[in-house]
Structures are given as structure tokens and as C-alpha cells.
Amino acid sequence: MNRGISLLLLTGCALLAWSQTASIAPATKPDPEALAAKDPGKVVATINGKQVTAKQAVDLLKLLPDTERRKLSDLSMAVQQLYTITDLAQQAVTEKLDQQSPYKERLQVERDQVLAQAFVADKSQKSAPTTDARQYYDSHPTEFDRATISGIVVAFNAPGTPSSAGGVARTEPDAHQKADEIAKKLKTGADFAATAKTDSDDPQSSSRGGALGTLSAAAPNLPAEMKDVIFNKLQPGQVSDPVRGANAYYILKLDSRTKETFDQAKNEIEQQLKTEHDRAVSQQIQTQYKIQVMDPSFFGTNAATPTAGKSPTLLKPGASVATPPPPPPPK
């Protein structure tokens with residue numbers, strides 16, 4: 001299961017990628033619905049010369065799925081865009097564009113997809129995941145292990161590649177040698193935080209004494225070697241030998257290890273189980289409608305090869321989990 005910062009993967013230089021964003025604290029978001037409930041008629045904006053009340057703004061925001069609303073970083077921009085869309089759509093209806101081709105047909109497809117997704121969601125809601133949160137927690141004990149770590153990054157460039165944006169132009173053997181020298185220095189008593197500030201190639205974490213934050217043992221792309229070092233071989237306060245990543249060697253220090261309690265993990269487990277259940281119901285329904293191509297020439301494609309492009313889906317908006325992009329190269 002993807003949990004918390006588990007999407008901040010350790011693949012290649014993901015430790016580095018994560019450390020570059022860890023210091024950014026999320027801003028406290030307002031609660032528009034609570035504010036609108038207190039004073040629904042309060043004018044909160046004007047658009048195209050027309051006043052927008054708190055209730056109208058909230059009604060516009062409710063047009064978005066909950067998962068999308070929670071991701072919004074600028075509510076005013078979202079209200080502006082939604083207001084524009086709804087106002088232009090109403091003007092289009094006034095001019096009867098909804099009754100003209102190709103808009104009429106496109107609207108029908110969109111309507112059918114929304115209804116199909118509603119059907120699948122209804123089927124999913126009327127059934128329940130086969131595993132409850134407590135059962136999942138008890139049967140996946142190591143998945144809730146958390147490790148707070150620090151690291152020293154010694155970057156290198158693969159043969160034939162240019163130096164990184166940070167100006168690192170080091171071969172892998174040179175990086176390995178430097179990492180070994182740093183590890184020896186640490187074992188003879190050198191201070192880890194001070195060494196990270198002077199020797200790490202990651203300016204973000206080095207400015208914090210190498211602090212990389214907390215990660216989950218359940219991170220799906222956590223390389224086995226790094227996972228073994230962090231969660232099995234190191235005790236709090238201990239420092240690892242250099243561990244090779246895709247573009248760097250890492251010297252890792254285990255600052256502390258904790259285990260998330262069931263009460264702390266319950267809501268996230270339930271959400272994950274629901275997402276997996278929704279996807280399973282959708283896939284089960286789709287298997288009933290699996291196409292069997294009798295004449296490939298009619299479709300103009302190899303039936304065994306998926307075609308590119310956006311296709312309709314039975315999953316409700318926000319239900320699918322996107323694969324995170326690969327981490328950037330070390331700096």
C-alpha cells in the first residue's frame with residue numbers, strides 16, 4: 001500500500017528528490033463550506049462584473065470531485081475557471097449548440113460515461129471490501145514501520161552523460177572512493193551533520209545536516225538493498241556503509257524508528273481498501289464486456305496491442321492511482 005510519504009521513493013535518487021521538497025510545509029487551507037454556512041450571502045468575489053457570493057462559490061467548487069477539491073492550491077482560480085465554464089456553457093445552450101453536431105454526440109458520450117461510473121460506484125457501495133482495516137493492519141506488520149533518516153549523497157555521472165545541474169562531474173569509481181573515505185571518517189568519530197554540510201552533493205539536505213525525513217517500509221519502489229539497510233541492519237544512531245543508487249552513493253544514518261499504531265493508520269487503510277475494492281468491482285464489470293475482435297481489419301489495429309490515447313473508463317474520477325514520475329538526477 002502507498003502510505004504517506006511512501007510515494008517519495010528511494011528508486012535511484014529519490015532520497016535526493018524527496019529531500020529537496022521535505023522542507024516545504026503545507027499551507028493551512030480555509031474551509032469554504034464552513035464560511036459559507038455562516039454567511040452564505042457574503043460577496044467573496046466579482047467575475048466579469050458580477051458578484052459571487054460565498055454560497056455560489058461553494059456550489060461551484062462542489063462541481064469537482066472531493067479528491068480534486070482537496071488538491072486545489074488556489075481556490076480563487078478554481079472558482080474563476082468553474083464560473084467561466086458554467087457561464088459559457090449556459091450561453092452555448094441559449095444558442096442551442098448542445099443540439100448541433102458534433103457537440104450533441106460528445107455530450108451523449110460524456111453523459112453515458114458519468115452514468116456508467118455512477119452505476120459502478122453504486123455497485124461498489126452496496127458491497128464491502130473483503131478485508132477490514134484491523135485485519136489488514138495485523139496481517140501486514142512491517143508495512144507500518146517508519147524510519148527517520150539522514151544521508152550524505154555522493155553523486156556520479158554515468159559514462160557519456162553530461163554533468164548534473166549542480167556541477168557534479170564525477171565518475172562512479174571516483175564517487176565510490178569518496179563515499180568510502182567519508183564512511184571511514186564517520187566511523188572514526190566525525191560528526192555526521194557537520195560532514196553532511198561539507199561533503200554531501202545535495203544542497204537541500206546538507207543544509208539540514210543531512211536530514212532526509214521519515215519514510216515508510218511499504219514504499220513500493222524502495223530498493224531491496226536500501227530497505228534492508230534501513231529497516232534491518234541499522235540501529236538508531238548507526239551509520240551505514242555506502243549504498244549504491246542509480247546516480248549516487250548514499251551513506252545513511254538511522255535517526256529513529258517507530259511503528260504507526262492502528263489508530264494512526266486506520267483512516268488511511270480504510271481509504272486504500274475502498275480504492276482497491278472500487279477498482280476490483282470496476283474490473284469485474286469490465287470483464288463482462290471484454291471485446292472479442294472477429295475482424296481486425298475493420299478496426300485497423302492489432303487487437304492484441306492496446307491503442308494509445310484517452311479511453312473512457314468505468315472508474316470514477318480520482319479513483320485511479322497514477323504512477324509517480326521518475327525522480328530527477330542528483331544535483
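**Exercise 1.** Find out what links the side chains of aspartate 228 and lysine 233, and which exposure class each falls in.

*Solution.* Start with the contact: aspartate 228 and lysine 233 form a salt bridge, with N to O at 3.4 Å. The term asks for a side-chain nitrogen of Lys or Arg within 4 Å of a carboxyl oxygen of Asp or Glu. Next, exposure: aspartate 228 is partly exposed at 27% relative accessibility, while lysine 233 is exposed at 56%. Here buried means under 20% relative accessible area, exposed over 50%, and partly exposed in between (1.4 Å probe, protein chains only).

A quick word on the model: it's predicted, so local features need pLDDT of at least 70, side-chain atom pairs count only at pLDDT 80 or more, and totals for chains, interfaces and linings use all residues. Residues are numbered from 1 along each chain as its sequence is written, and side-chain values use heavy atoms, leaving out hydrogens and water.

**Exercise 2.** Work out where aspartate 66 and arginine 69 sit relative to each other in helix H4.

*Solution.* First, place them: both lie in H4 (residues 66–71), three residues apart, so about one helical turn separates them. Helices (H or I, at least four residues) and strands (E, at least two) are DSSP runs, numbered from the N terminus. Then check the contact: their side chains meet in a salt bridge, 2.5 Å from N to O.

**Exercise 3.** Which residue does glutamate 172 form a salt bridge with?

*Solution.* The partner is arginine 244, with the closest N and O atoms 2.7 Å apart. Now locate the two: glutamate 172 is in helix H8 (residues 172–187) and arginine 244 in strand S5 (residues 243–244), 72 residues apart.
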